[in-house]
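Please find below a colleague's note for someone opening this model for the first time. The points are numbered so that each can be checked against the structure in turn.

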Amino acid sequence: GNKACTARKALNYLDGQQEAEIEKLLSDPHKGRRGWKQRGIIARTRNITKMIVEKSAQLFKDQPPTFEVYNDGSDVVNEADTQSLNDELYKIEWQEFFINVDQVVRLLKTAIVLSQYNGEDQQLELDILHRGNSAVMVNPVTRGIDALIYITSEDDGVATYRVITADEFIDLMEVKTGNKSNVTVTAQNVNPYGLVPATVFYDTTVPRSGFWNEPTTELVGLNELVNLHITDSEYAISWAKLPTLFIIDCEVSGQSTVMEVVSEVGSSLPRQVPTEQVHTGGPSRAIQLMSNGGGAPSVQYLSPTINIEPLDTVVDGWIKSFAADWSVRIKTAGEGSASSGFQLVVEELPNLDLRKQRQRMFEAGFKRFYRIFKTVMGVATGKTFSTTGELFVEFADPNLPTDTKISEEVWTMRINENRATVIDYLMDTQGLSKDEAMIKWNEIKQFNAVNTTTEPSDITPDGDTSEDDTPTAE
């Protein structure tokens with residue numbers, strides 16, 4: 001339906017597949033540009049959608065979340081189940097997968113993670129489903145998924161689908177011929193899991209009714225506006241750079257031709273081409289005229305005076321306004337930077353608040369994912385998991401934006417004035433424990449002792465004057 005088309009179009013823009021979309025837009029009889037190919041208009045694109053989504057979908061930008069399984073009512077970690085979960089996730093490089101999930105959820109507001117087991121590779125297999133390639137039947141009481149259908153392939157009028165219910169897997173093939181389509185069942189197997197192994201992830205809110213949040217449309221509209229603007233701007237510039245030749249007090253030649261000047265290997269070679277009634281003249285064209293005897297002919301190269309800068313300013317303002325709605329701050333060339341670290345933090349607070357809100361939603365999604373994970377892995381591998389085990393997810397606090405140069409200067413000043421140590425610096429900036437920071441500091445001193453003529457200081461960051469400050473195990 002229309003919602004699925006909107007979702008697919010939004011993902012096309014996110015993935016940079018904009019050329020076909022802008023050409024469709026230019027050819028649209030209502031919103032496009034009439035005869036744009038014949039007039040020499042070249043479609044240009046800029047991926048505003050990707051820029052805004054990537055800046056607002058940053059759950060995995062810093063340290064990945066930690067997963068720990070606790071049995072119901074217990075405050076002790078279930079080490080066996082926790083290790084099994086982490087081992088299986090690291091087999092499939094789960095962080096890369098969920099970075100893509102994060103972006104799809106941010107753009108479309110809802111995504112589904114389908115969990116299955118690949119017996120050949122002996123590992124978990126995850127797929128991303130969304131409003132553009134799947135549909136669900138929802139249980140009205142539990143709001144869980146009773147049935148799931150999704151596209152597995154689509155090419156040249158032939159599409160294949162898979163339907164999953166709690167009882168079976170059904171593979172379908174649809175062949176389209178004109179306005180008719182024929183659907184056949186190609187495979188039908190028992191579902192060994194006894195459930196639909198799919199987990200829903202939401203962006204910032206759970207829909208008040210139904211299963212899906214409404215897919216976004218404003219980013220696609222913004223991207224289309226920007227693409228049209230830069231396409232029109234380039235065409236306008238071409239008229240200003242390549243003026244039309246006008247011969248005054250003459251008449252158009254009856255030969256119904258125009259002379260187009262082309263350049264081959266550095267030389268200008270005029271050639272005759274058919275006249276297009278609505279396109280006489282234009283960039284790089286010379287109109288062939290005859291004297292009408294009305295006066296002395298004059299020759300001029302004329303082009304429209306086009307000031308694009310005010311239009312660019314308007315569009316840039318719209319981009320920033322749209323981005324602000326997504327808690328993203330966009331800076332363009334020539335804008336000043338924040339004058340202090342405090343100002344920089346204040347400017348980025350909406351984005352930090354958004355990340356915290358989205359972390360809570362993903363924590364709930366991962367908990368639902370773990371329940372599916374236990375069933376899939378238990379059936380496929382025979383591993384046993386605690387029936388009361390619940391997953392607890394902890395995201396790292398979002399890192400505050402900092403000016404790296406100023407931050408380094410501040411730390412240097414603190415250390416020089418004995419208000420902090422190198423150990424403090426390593427712990428704060430690199431997230432090391434005190435023991436790890438001390439080991440790192442000793443490595444740095446040993447490296448400097450070998451590679452420089454200057455002897456390293458005998459004073460340790462903690463003020464200890466002993467020769468060996470390497471921490472030892474008690």
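1. Strand 2 (residues 110–118) and strand 3 run antiparallel and are joined by seven bridges; in this pairing, Asn 118 has Gln 123 of strand 3 as its bridge partner. Helices (H or I, at least four residues) and strands (E, at least two) are DSSP runs, numbered from the N terminus, and two strands pair if DSSP finds at least two bridges between them.

2. The model is a predicted one, in which local features need pLDDT of at least 70 and side-chain atom pairs count only at pLDDT 80 or more, while totals for chains, interfaces and linings use all residues. Residues are numbered from 1 along each chain as its sequence is written, and side-chain values use heavy atoms, with hydrogens and water left out.

3. Strands 3, 2 and 9 form an open sheet of three strands in the order 3-2-9, with antiparallel pairing. Its edge strands, each pairing on one side only, are strand 3 (123–129) and strand 9. On average, and with direction ignored, neighbouring strands of this sheet are turned by 25° against each other, where the axes are lines fitted to C-alpha atoms, for helices over the stretch in contact, and angles run from 0 to 180 degrees between N-to-C directions.

4. A second region to look at begins with strand 5 (residues 145–155), which runs antiparallel to strand 6 (residues 158–165) and is joined to it by eight bridges; Ile 149 has Val 163 in strand 6 as its bridge partner. The two strands form a hairpin with two residues between them, and Asp 156 in the turn has a positive phi of about 50°. Strand 6 is also joined by seven bridges to strand 7 (residues 168–177), again antiparallel, with Leu 172 in strand 7 as the bridge partner of Tyr 161. Here too a hairpin makes the connection, through two residues.

5. How many aromatic pairs does the structure hold? There are 23, counting rings of Phe, Tyr and Trp (its six-membered ring) whose centres lie within 6.5 Å, with planes under 30 degrees apart called stacked, over 60 edge-to-face and the rest tilted. Among them is the edge-to-face pair of Phe 60 and Phe 395, 6.0 Å centre to centre with 65° between the planes. This pair links distant parts of the chain, 335 residues apart: Phe 60 is in the loop between helix 3 (48–56) and strand 1 (66–71), and Phe 395 is in the loop between strand 17 (389–394) and helix 9 (404–416). Both Phe 60 and Phe 395 are buried (under 20% relative accessible area, with exposed over 50% and partly exposed in between, for a 1.4 Å probe and protein chains only).

6. Tyr 370 and Phe 373 form a stacked pair, 6.1 Å centre to centre with 20° between the planes. Both lie in helix 8 (residues 341–381), three residues apart, about one turn of the helix, and both are buried.

7. Two charges sit over rings, meaning that NZ of Lys or CZ of Arg is within 6 Å of the ring centre and within 35 degrees of the ring normal. The charged end of Lys 367 is 5.0 Å from the ring centre of Phe 392, and that of Arg 414 is 4.9 Å from the ring centre of Trp 411.

8. Confidence deserves attention: pLDDT, the predictor's confidence in each residue from 0 to 100, has a mean of 81 for the chain, with 78% of its residues at 70 or more. Confidence is highest in strand 9 (residues 198–202), at 96, and lowest in strand 13 (residues 267–274), at a mean of 47. Over residues 262–279 the pLDDT is below 50, although this stretch has 31 contacts in the model beyond near neighbours in sequence (heavy atoms within 4.5 Å). Where pLDDT is low, the predicted coordinates should not be read in detail.
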